[in-house]
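Biologist: I've got the sequence and the model open side by side. Could you walk me through it, one question at a time?

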Amino acid sequence: MAPIAKAMIKLNFCSLSSGSSGNCYYLGNEFHGILIDAGISATSIRRFLKNMDISMQAIMGVLITHNHTDHIKGLEVLIRKTGIPAFTTQKVWKSIPGPQKRISSDCIREIRIKEKFHLAGFDIEAFPVCHDAPETVGYHICYGDKKITIATDLGHICQTAAPYIRAANLLVIESNYDEEMLVNGHYPHYLKTRIKSDHGHLGNHQASAFLAENIGDNLKHICLAHLSKNNNTPELVLQTLQRTFSERGIILNGQPKISVLNRNMPTGMIRLI
Ligand SMILES: [Zn+2]
Ligand SMILES: [Zn+2]
């Protein structure tokens, strides 16, 4: 067997936690793994990985999307305890408050938007998304012919992000809030405005409409992510998606598979190879 084929016999994705209280995602191949964001405690990350028989030594890096606490809460301790490097743009790193990054500069790897880099067998590209934090990015990650796109915080799907989202075989996309729950809920007006804005979060109808309009044969698995604790439920996410699809005559026959990611615990491992 040629070395390249031998390497591509395993590709797994798992959300350890997804939502406004903390985000951390794992992607692993036969040899190594990477994390996307570290918005839960280092202890939880270690425990969740151990429960799946994944050793911390296998993790070769953490990709950072932006500076919001729900994406970096566990980063400092994780890096200090393990020495795992963080991959981040200079602007995102600069925007993280000092007390949350008392980390040796040896552990920081600077990346640039739309400039591919190689890590742990993966080809990775950060792409810009519209969100109210400096230089927020999504990640497009390739392994052999498999493509994974992760876009968890975005007020709308802009032209720069859309091609990466359309290209995915496995797509992790935000479905943060039910529009009616948000409007009728107890959040102050400024916060409702922020969430609904083009640089806030993606609502159930927005995510569903984009998917209905852009779904292609390449898309094998959709993970609906970053649900709000107060303005959404997994049932509403699925209902909205199913209704939007059926209104447009799209019938889902088990393809693509659809998962709604848990807010505080891992969602079962997805095997892409
Ligand atoms: Zn977030
Ligand atoms: Zn955010």
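**Strands, zinc and empty space**

Modeller: Sure, and keep in mind that this is a predicted model. Let's start in the sheet: strand 9 and strand 10 run antiparallel, and the bridges joining them number 5.

Biologist: Which residue in strand 10 is the bridge partner of tyrosine 143?
Modeller: Strand 9 and strand 10 form a hairpin with 2 residues between them. In the turn, glycine 144 has a positive phi of about 60°. Across from tyrosine 143, the bridge partner in strand 10 is lysine 146.

Biologist: How many bridges join strand 8 to strand 9?
Modeller: These two strands run antiparallel. One of the pairs puts aspartate 123 opposite cysteine 142, and another puts phenylalanine 127 opposite glycine 138. The count of bridges between strand 8 and strand 9 is 6.

Biologist: On the other side of the story, which residue of strand 8 is the bridge partner of histidine 118?
Modeller: Strand 7, residues 117-119, pairs with strand 8 in the antiparallel sense over 3 bridges. They make a hairpin with 2 residues between them, and alanine 120 in the turn has a positive phi of about 55°. For histidine 118, the partner in strand 8 is aspartate 123.

Biologist: How many residues of strand 9 are buried?
Modeller: Buried here means under 20% relative accessible area. Val137, Tyr139, Ile141 and Tyr143 point one way from strand 9, while Gly138, His140 and Cys142 point the other way, and all are buried. Strand 8 is mostly covered, with 5 of its 7 residues buried. Strand 9 is largely enclosed by the rest of the structure, because its buried residues number 7 of the 7.

Biologist: On to the metals. Which residue bridges the two zinc ions?
Modeller: The zinc ion (ligand 1) has the protein donors Asp70 (OD), His71 (NE2), Asp153 (OD) and His226 (NE2), at 2.1 to 2.2 Å. For the zinc ion (ligand 2), they are His66 (NE2), His68 (ND1), His131 (NE2) and Asp153 (OD), at 2.2 to 2.5 Å. The two ions lie 3.4 Å apart, and the residue that coordinates both is aspartate 153.

Biologist: What is the arrangement of the 4 donor atoms around the zinc ion (ligand 2)?
Modeller: A tetrahedral site would need all angles between 85 and 135 degrees. Around the zinc ion (ligand 2), the donor atoms subtend angles of 93 to 167°. The zinc ion (ligand 1) has angles of 92 to 165° among its 4 donor atoms, and its site is irregular. The angles at the zinc ion (ligand 2) likewise make its arrangement irregular.

Biologist: What spacing do the donors of the zinc ion (ligand 1) follow along the chain?
Modeller: For the zinc ion (ligand 2), the donor residues are spaced H-x1-H-x62-H-x21-D in sequence. For the zinc ion (ligand 1), the spacing is D-H-x81-D-x72-H.

Biologist: Is histidine 71 buried or exposed?
Modeller: The cut-off for buried is under 20% relative accessible area. Aspartate 153 counts as buried at 2%, and histidine 66 is buried at 0%. Histidine 71 has 0% relative accessibility, so this residue counts as buried.

Biologist: Now the empty space. What is the volume of the largest pocket?
Modeller: Of the 16 residues lining the largest pocket, the closest to its centre are Ser20, Tyr187, Arg194, Ile195 and His201. By class, the lining has 3 nonpolar, 9 polar and 4 charged residues. Helix 8, residues 189-196, gives the most to it, with 3 residues. The volume of the largest pocket is about 250 Å³.

Biologist: Which helix gives the most to the lining of the largest cavity?
Modeller: The largest cavity holds about 70 Å³ of space. Its lining divides into 6 nonpolar, 3 polar and 1 charged residues. Helix 6 and helix 9 each supply at least two residues. With 3 residues, the one that gives the most is helix 9.

Biologist: And how much space lies in the second largest cavity?
Modeller: Its lining includes His66 and Asp153, along with Val137 and Gly138. By class, that lining divides into 4 nonpolar, 5 polar and 1 charged. The space in the second largest cavity is about 40 Å³.

Note on methods
Residues are numbered from 1 along each chain as its sequence is written. Chains are lettered from A and ligands numbered from 1 in the order in which they are written. This is a predicted model: local features need pLDDT of at least 70, side-chain atom pairs count only at pLDDT 80 or more; totals for chains, interfaces and linings use all residues. Side-chain values use heavy atoms; hydrogens and water are left out. On a 1 Å grid over the protein atoms alone, a cavity is a set of points where a 1.4 Å probe fits but cannot get out, and a pocket is an open set with protein on both sides within 12 Å along at least five of seven lines; lining residues have an atom within 4 Å of a point. Grid points are joined across faces, edges and corners, and a volume is the space filled by probe spheres set on the points. Helices (H or I, at least four residues) and strands (E, at least two) are DSSP runs, numbered from the N terminus. Ala, Val, Leu, Ile, Met, Phe, Trp, Tyr, Cys and Pro count as nonpolar, Asp, Glu, Lys and Arg as charged, and the others, Gly among them, as polar. Buried means under 20% relative accessible area, exposed over 50%, partly exposed in between (1.4 Å probe, protein chains only). Two strands pair if DSSP finds at least two bridges between them. Donors are N, O and S atoms within 2.8 Å of the metal (3.2 Å for Na, K and Ca); water is not among the atoms, so sites may look incomplete. Four donors count as tetrahedral if all angles lie between 85 and 135 degrees; four count as square planar and six as octahedral if opposite donors are over 155 degrees apart and all others between 65 and 115; anything else is irregular.
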